[in-house]
Every structure is written in structure tokens, then in C-alpha cells.
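Reader: I'm new to this one. Could you show it to me and walk me through a few spots?

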Amino acid sequence: MYSRSMEILVGAFMLLGIAALAFLAIQVSGLSLNPSNRDTYQISATFTNVAGLTTRAKVSIAGVTVGQVTAIHLDPMSVRAVVDMSIQKQVDYLTTDSIAAIKTAGVLGDQYVSISVGGAPEMLQNGDVITDTQSALVLEDLVGKIITTLGTNN
Amino acid sequence: MLDHVQRFGHQGLSVLTGFGRAGIVLWQSMWGAPDWRAGPGLLIRQLYFIGVYSLVIIVVSGVLIGMVLALQGYTVLVRFGAESALGQFVSLTLLRELGPVVAALLFVGRAGSAVTAEIGLMKATDQLAAMEMIGVDPLKRVVRPRLWAGIISMPILAQIFNMVAILGAVVVGVNWLGVDAGSFWANMQNTVEFREDVLNGSIKAFSFGVVVTWIAIFQGYDAIPTSEGISAATTRTVVHSSLAVLAMDFLLTAVMFGVD
Amino acid sequence: MTSSWIDIKDLNFSHGPRVILNGIDVSIPKGKITAIMGPSGCGKTTLLRLISSQLKPSQGTIHVAGVDISSLNREQLLIQRRRMGMLFQTGALFTDLSVFENVAFPLRVHTDLPERMIRDLVLMKLHAVGLRGARDLMPAELSGGMTRRAALARAIILDPDLIMYDEPFTGQDPIFVGLLRHLIRRINQTMACTCIIVSHDINETLSISDYMVVLADGKVIGHGEPETVINSDNPHVRQFLQGLPDGPVPFHYPAPDYFQDLELEDA
Ligand SMILES: Nc1ncnc2c1ncn2[C@@H]1O[C@H](COP(=O)(O)OP(=O)(O)OP(=O)(O)O)[C@@H](O)[C@H]1O
Ligand SMILES: [Mg+2]
């Protein structure tokens, strides 16, 4: 009813499917098979403005992704935005005086959190908060400022 | 006026009974004890005719669509100096939408219509009745292997489509248009999420596979057993499946990637 | 009379609004060859499909071997059908299987016989219908008559209790008609099975059948031993058996008046 070559071709077809999925997982989505990357610890940072930042945005140090934003919410006391981030376990050299900044990839790209490591002896632990931050650059505000500056100059 | 209402009600009823019959065919053919004596041969045979036979059109169309996407994406992105985002643009478009949808539409034309015509013709030539007379349920013996082969093949074909399309985009974007390979891949890997994009795309492809194959087997099994009946059923398979794929794509997109 | 194998009581069947069978009451004797005759389109094939429960009666009951077959569910019906063989008017061979595999199909799905035994059984049946040499051909490579013969081999491979032949003689050469008559007799005698033959060919049928049912207009117009039926003075039966074009049995499908239809009325 069916031949051996049919069996072989169907087997090859299934393998090709698995290979395609592996290609998409590893080469395209950059999924790491290294399980240590999945061990993370949580820190947060407070900003006066997070305009445009979304959950799952990247957290990077010197352009290398080390974690992602897990939640964004408002602190009712200080009326500042609190950004929760999960950072890979092996990145254990974030000093307590690290600075978090919200930046944009390219002119129109996605927003991400960039952390610059300082020189303090203490390291950030799970649950710590970074307070030294630079908020998102809001384009409208910038344009507004330029216009008023130009206006007063005249 | 009353006439219209009556006709409308009539049509509504016939649509309902159609869905009912289709549901019964799906239920009876999908479940139940596997036919051990027949072995895996029946399924392998159908995987061959439904999956392997669709491979050529999937690969060729995939490469071409990937190349076109790269070309179009490049001409737009280069104006903003953002051509390094080409990888991200191509892969997100493919993984989330174009891959599953185009692969499903190709699958409808290549395999769905063939399944309908084959089952319809078996009905018209009394082969299904003869099988019942031998004491074998055609839903189990004829329809079930085709149903499962379709459900298994569709996600595989969609992933292969995505892979070759991205490779096609690499050829055009990196090798011909000179986008930097490093930033092409890095940008792609930074934005594409495995769960969000690859898995959701696979879920889409799987859902399309179920619905398309379901429509194809039902139209064949329910066809009026004449030449015109079968040709009408084949047409219905293509039309209904294509519309179902596009409508489901919208719904699934809204659920998966919708504003939260 | 011997005990009956099939009992049909007050059977009605309609295709949508069209009534095909209208109040059939008949018993088919066990272990005999019964011929069902009647004009084309009178519902003979439909009756066979009702007996094998491929169609459900609109009204009435059919008992086969004491079992009311319309009360069976799908599984039970499939089991019941293993004891029936049916030769379809079109043959209905599986087009994706060779002649050999077609005939072997019922054995493969219902028995665990070793391959050698299957081979021997299949070749025996193929030999009986004269197609042993055609075993490797595909159905598309057969003539209409050969198709029917291969289908016959498949219908009898499981040695069923009830065999239904839908027009076995049509499209066969005279030599094979003779052989087939012989074969049907022999199958009936050696396997002690009940046979139903649908046919238009009066002489062939009369020569082998033990019992006869004549249908017309959705009703049974005569049944009994062939001699009794032939000699009956029922005008319907006489007309059909003598092949007269006009009489109580209409040759035409129900239609409006001929001249009126051609719009010749005023001419
Ligand atoms: N699916 C159907 N829908 C409507 N009418 C049908 C259908 N199938 C058969 N018929 C009608 O039922 C009647 C009986 O058909 P059937 O096939 O039983 O005839 P038959 O006695 O076997 O004729 P023949 O000797 O020509 O084979 C025919 O008049 C036909 O028009
Ligand atoms: Mg007939």
C-alpha cells in the first residue's frame, strides 16, 4: 500500500519541519538554549516619565541585552513611574549607584532601558530600586522647548 | 416581506444543518480507536500526498515572497537610514501574519481541493458505499488519515515557508542590497520573541490546518455524487477555506497581538 | 415454503418528494436464489440499498436474519454487513488498489490470516471469475465487464451469508454470462448462502432463480416460484415478462402529455 521511499520522504518532511522550527527559534528569535539565562532576579527603577516604554522591552548594558521590563506601574505616593525589570542572574555586577535611562533604538525605534554601571562597592540585590534615572526623551516637549527658545530669542 | 423572512429563515436553517453535518463528520472521523491492523501506512500515505506534495509550491512561493519583502522593506527603510531593521521587519511580518496565512492559502489550493475531489469521486463511484458494505467505516478508513495528515502537515509547511522566506530575504537584503549581516541578524533576534511570535504563529498555522482540512473532507464527503456536484464542492472548499483562514487570522491576531 | 431470511414489511421510501417504493411486503427465502425484476428506474437498486441499510426506510421494517436492521447503530451495522456481500452496478473497485489488493481488502481488514493464505484465497476467487492473470492491473486498466468480475470476486471473498448482485449479467459477453450463471449457482450451493439477483435479463434470471419478485410503480406486482409468476395472468407481470412496450406498466418516467409537451396541441 505504501512504499519505503514514501516512508523516507515523509520522515524527511517531518525532520525539515523540526529543522525549520529550530531555525526560527534559535537563529531568528535568538532563543538561547542556555538555561542559566532563564534564572533572573528582580530590580526596579523609578522614573518621572516612561512615555513609550512597554512591558517586555529590553534592558541592556552597553547595548547588550541583559533582561526585560516585566511591569510598569505608578507609585501613588511619589507619583513616579515604577518599572520592574528581570535581570539575568549572571549579571551580578550592577552597583547600587547604577543609572537607568530610557532610550530609543534609532530615531523611530522601540524604547528600551539602558543601565550604566557605577563604581560603588555594593551590588544591587533582588528587589532593590534604582532611583538615579533619566526619563524618556519626549519629542513633543523637545520641539516645544525649541520653539519657545526661538520665540524668546526673537 | 414575509416571503423574505421565510427565505432567510430557510437559509439560516440550512446553514445550521450544514454545520451540524460537518460537526458530526469531524467528530466521527477524528476520534475513536485507531485502526491497528492497518498500521501507520494509511497516515504515512496521506502525509506523503498532502504534506510532501505541497512542499515544492511552499518552498518556491516562500523564497519569492521573502525576496519581495526584503526588496520592498529595504526601499522604505533606507529612506530613514534604518535598513538594519530589515531583518526585524521581514521576520515579524512573516512569523506573525504572512507565513501562516499564505502557507494556508497555498495549502487550500494544493491539498484541500485535491482531498475534496478525491473523497467526492470515491463517493460518486460507490467506493465509499462498497467500503461500508465490506463492514469498514469510510470515515475511519478514508477520511481520518486525510484529516490528521492535514492537521499535522499545515504547521510544518508554515514553518518551512517562514524559514525559506527569511533565507530568501537574507539573499536579497544582505547579499544583494548590502545590509550588514551582523546588524540584520542581531536586530531580528533582539525583537523577535519565541513565545510571542514563533509560537503564536505556529498556533495560527495549526488552527488553519484544522479548519481547512475539516472543510475539505466535509465538502468531499457531503458532495452530490455527480461531476457537477464534485466540481461545486471543490470550488466551495477553496472559497470557504480561504475566507475562513482570513477571518480566523483577524480574530487570532486580535486575541494574540491585540492591544492589551 | 422454506423459512425466510429477509422479511420486508410495509416498506416505504422516498427521495425528497418523490416516492420510490410504496408499501413493499415481501419475504426472501433462505438459501435460495431470488431474482428481483422490474423496469428500469423502478427502485431495484434502491431496494438493495435498503436491505443493506445504506438507506433508511421512510416507513416500515426490514428484518435480515431476524434482526431489524434499521434499529442497529453504526458499529453494529458494520459488523452485520461483514456477513453480506454486494456487487454494485458500477463495480465500485477501490481505484487506489490493484485488482489483487481489492479482492484481498476484506480479508486484510477482518482477518489475521497469514499473507500466504490470503494470496491463495484471493487467487482462487480471481481464478473463478477468470481474472487470475489480471491481478496486478489497476481498476482504471480494466474494461467494464472485467471491473464487475473483479468486484464479484471481492464480494464473495468473505463467504457471506447474503450476496446481492446488482445486474451481474449486463455488459458481459455470452461466454461469461454462462460462466457467471454457473458460478452464482455454485456459490449458492456450496456456501449455502442467500442470493438476490437484480436483473433485466428474463431468460438468464429464470434459468437460475428459485424465487422471483417483480416490482413496478414502487409496488410488488408479483412474487413466487418463477413458473407461477410467469404463468400468472396479472397484466402488469405479463407485459413486463413479454417485453410489450405498452400496457399497464409505463415505460415513461412520469411526464405531462407528449403532444402538449412538444407544444403541438394547436398544430
Ligand atoms: N439520489 C436520488 N435522488 C432522487 N431520486 C433518486 C435518487 N436516486 C435514485 N432516484 C430515483 O429512484 C428511482 C429508482 O432508482 P434505482 O436506482 O433504484 O432504479 P433501478 O430499479 O435500480 O433502475 P436500473 O434498472 O435502471 O438500475 C429512479 O427513478 C431514480 O430517478
Ligand atoms: Mg439499478
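Author: Here come some questions and answers on a ligand site and a helix pair, and bear in mind that the model is predicted.

Reader: Okay, which element gives the largest share of the shell around ligand 1?

Author: Two elements of chain C give two or more residues to that shell: strand E2 (18-29) and helix H1 (44-51). The largest share is 3 residues, and the element behind it is H1(C).

Reader: And how do the residues of that shell divide into nonpolar, polar and charged?

Author: There are 14 residues around ligand 1, with Arg18(C), Ser40(C), Lys44(C), Thr45(C) and Thr46(C) coming nearest. By kind, the shell splits into 3 nonpolar, 8 polar and 3 charged.

Reader: How far is a polar side-chain atom of Thr46(C) from an oxygen atom of ligand 1?

Author: A polar contact needs N or O atoms within 3.5 Å. Oxygen atoms of ligand 1 have such partners in the side chains of Arg18(C), at 2.6 Å, and Glu167(C), at 3.0 Å. For Thr46(C), the distance is 2.5 Å.

Reader: What percentage of the accessible area of ligand 1 does the protein cover?

Author: Start with the ligand on its own, where its accessible area is 630 Å². Of that, the protein covers 65%.

Reader: Over in chain B, why do H3(B) and H6(B) count as oblique to each other?

Author: Helix H3 (residues 55-77) and helix H6 (residues 138-176) of chain B pack with their axes 7 Å apart, at an angle of about 40°. Angles under 35 degrees would count as roughly parallel, and 65 to 115 as roughly perpendicular. The pair's angle fits neither range, so H3(B) and H6(B) are oblique.

Reader: Is their crossing left-handed or right-handed?

Author: This is the same pair, H3(B) and H6(B), with an angle of about 40°. The crossing of H3(B) and H6(B) is right-handed.

Definitions and conventions: Residues numbered from 1 in each chain as written. Chains lettered and ligands numbered in written order. Predicted model: local features only at pLDDT ≥ 70, side-chain atom pairs only at ≥ 80, totals over all residues. Heavy atoms only, no water. Near = heavy atom within 4 Å. Polar contact = N/O pair within 3.5 Å; in protein donor to acceptor, adjacent residues only side chain to side chain. Areas by Shrake-Rupley, 256 points an atom, 1.4 Å probe, with all protein chains shown as cover. Helix = DSSP H or I, 4+ residues; strand = E, 2+ residues; numbered from the N terminus. Nonpolar A, V, L, I, M, F, W, Y, C, P; charged D, E, K, R; others polar. Axes fitted to C-alpha atoms, helices over the stretch in contact; angles between N-to-C directions. Parallel < 35°, antiparallel > 145°, perpendicular 65-115°, else oblique. Left-handed = near helix turned anticlockwise from the far one by under 90°.
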